[in-house]
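Below are some notes on the model you sent. They are set out as numbered points, beginning with the charged side chains.

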Amino acid sequence: IPLIVMFCNVISAVVSQGKLRKVIYFDEVTGGNNWSYFKERGKKILCKYVNKKKTYFIADLEFMKYRSFCACCGVEEGERVLENIYRYINNVIGKKGVCARYGRANFAIMCPCDGGEHARAILTSIENGMNGIAGNQRVIFHAGYIVLEPWVNRNGGVIKRENMDMALLYN
């Protein structure tokens, strides 16, 4: 019986850890992921051995004049638009990408790509697809990105990405 009790305690600890993780990484406005999730998940993806030969891009997408939009349409409508933007970005980048909201109206995006032009095409399609996301209001976005090529050693061999700091890469 003590073994069964110990086993039940271990299971309940694992379940509560999962619930805690959901609380820590939850963004209350979009219902999705926050900056902490982006840093953690992005580092995990980039440091995986199987991803060492893949090229990724990290982008910042900013909803310009979000305060003015909220003053005009209301905070509730602004938050609804942010939630729609988050969902749309996740639909475009798919499961291999990571998206999270941070700040008031900024979205961090990390996604596999084939190079700079492909990254620019993905961001352009995201921006163009969000034209009607706020109803009849015009929304303007500012985007910046960096392409992360595979790391290469002196001999030209691809090496595993280690000790990456997502916050430094993002800034």
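1. Glu-77 has a relative accessible area of 25% and is therefore partly exposed. Please keep in mind that this, like everything below, refers to a predicted model.

2. The partner of Glu-77 is Arg-80: their side chains meet in a salt bridge, with an N to O distance of 2.4 Å. Both residues sit in helix H4 (residues 75-93), and because they are three residues apart, about one helical turn separates them. Arg-80 is likewise classed as partly exposed, its relative accessibility being 35%.

3. Helix H4 carries another such pair. Arg-87 forms a salt bridge with Glu-83, and the closest N and O atoms are 2.6 Å apart. Here the spacing along helix H4 is four residues, again about one turn of the helix. Arg-87 is partly exposed at 48% relative accessibility; Glu-83 is partly exposed too, with a relative accessible area of 24%.

4. How many salt bridges does a search of the whole structure find? The search finds two. The pairs are Arg-80 with Glu-77 and Arg-87 with Glu-83.

5. On the surface, Lys-44, Lys-48, Lys-54 and Lys-96 form a positive patch. One of these, Lys-44, is placed in helix H2, which covers residues 35-47. The relative accessibility of Lys-44 is 44%, so this residue counts as partly exposed. Membership of a patch requires over 30% relative accessible area and no salt bridge, and the 44% of Lys-44 satisfies the area condition.

6. The cysteines deserve a separate remark. Cys-47 has a relative accessibility of 17% and therefore counts as buried, since the limit for that class is under 20%. Cys-99, at 2% relative accessibility, also counts as buried. The structure holds zero disulfides, so no pair of cysteine sulfur atoms lies within 2.5 Å.

7. As for the overall architecture, the protein chain contains six helices and six strands. Read from the N terminus, the order of elements is α-α-β-α-α-β-β-α-β-β-β-α. The chain has 171 residues, of which 35% count as buried.

8. To sum up the charged groups: the salt bridges of Arg-80 with Glu-77 and of Arg-87 with Glu-83 can be inspected together in helix H4, whereas the positive patch is made of Lys-44, Lys-48, Lys-54 and Lys-96.

Terms used:
Residues numbered from 1 in each chain as written. Predicted model: local features only at pLDDT ≥ 70, side-chain atom pairs only at ≥ 80, totals over all residues. Heavy atoms only, no water. Patch = residues over 30% accessible without salt bridge, like charges linked within 9 Å, V, L, I, M, F, W, Y side chains within 5 Å. Areas by Shrake-Rupley, 256 points an atom, 1.4 Å probe, with all protein chains shown as cover. Salt bridge = Lys/Arg side-chain N within 4 Å of Asp/Glu carboxyl O. Lys, Arg positive; Asp, Glu negative; His and termini not counted. Charge placed at Lys NZ, Arg CZ, Asp CG, Glu CD. Helix = DSSP H or I, 4+ residues; strand = E, 2+ residues; numbered from the N terminus. Buried < 20%, exposed > 50% of the residue type's maximum accessible area, 1.4 Å probe, protein only.
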